[in-house]
Amino acid sequence: MGQGDESERIVINVGGTRHQTYRSTLRTLPGTRLAWLAEPDAHSHFDYDPRADEFFFDRSPCAFRAIVALLRAGKLRLLRGPCALAFR
């Protein structure tokens, strides 16, 4: 199952902004809440909307973009957007 596989794709709605990524990206940091989203039974443990096929988190979408970028690149870069306290 590669990243191009449609079943690997996951949608996470953070603060009203939809983000698409891959389960393999979320598994980059095992034991984290995001890695747990990649598990087959995640829909029963998180706020999940089956009609939209997406998970929902009431958090800052700007901070989440930085978190996903960290997972993808292995480096944290905050060029603009969330302040350090919001990100924490």
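This passage describes the fold of the chain, one hairpin, a buried glutamate and the third helix.

The model is predicted, so local features need pLDDT of at least 70 and side-chain atom pairs count only at pLDDT 80 or more, while totals for chains, interfaces and linings use all residues. Residues are numbered from 1 along each chain as its sequence is written, and side-chain values use heavy atoms, with hydrogens and water left out.

The chain holds four helices and four strands, taken as DSSP runs numbered from the N terminus (helices H or I, at least four residues; strands E, at least two). Along the sequence these elements follow the pattern β-β-α-α-β-β-α-α. Of the 88 residues, 30% count as buried, where buried means under 20% relative accessible area, exposed over 50% and partly exposed in between (1.4 Å probe, protein chains only). About 6,000 Å² of the chain is exposed, and carbon and sulfur atoms supply 52% of this area, computed by the Shrake-Rupley method with a 1.4 Å probe; for residues, only the protein chains shown count as cover. Among contacts (heavy atoms within 4.5 Å) with a separation of 6 or more, 39% come from residues 24 or more positions apart.

Turning to the hairpin, strand 1 (residues 9–14) pairs with strand 2 (residues 17–22) in the antiparallel sense over six bridges; pairing requires that DSSP finds at least two bridges between two strands. Two residues lie between these strands, and G15 in the turn has a positive phi of about 60°. V14 stands opposite T17 of strand 2.

Both hairpin strands are touched by E54, a residue of strand 4 (residues 54–57): V11, N13 and R18 are among its contacts, as are D47, Y48 and D49, with residues up to four places away in sequence not counted. E54 counts as buried because its relative accessibility is 10%. Its side chain makes polar contacts with the side chains of N13 (3.1 Å) and R18 (2.6 Å). A polar contact is a pair of N or O atoms within 3.5 Å; within protein, one must be able to donate a hydrogen and the other to accept it, and residues adjacent in sequence count only if both atoms are side-chain atoms.

Helix 3 (residues 61–73) has 13 residues and should span 18 Å at 1.5 Å a residue, which agrees with the 18 Å between its end C-alpha atoms; the expected span is 1.5 Å times one less than the number of residues. Its buried residues are A63, F64, A66, V68 and L71. Just after the helix, G74 takes a positive phi of about 80°. R77 follows in the loop between helix 3 and helix 4 (84–87) and, at 53% relative accessibility, counts as exposed. R77 and A66 are 11 residues apart in sequence, with their C-alpha atoms 6.7 Å apart.
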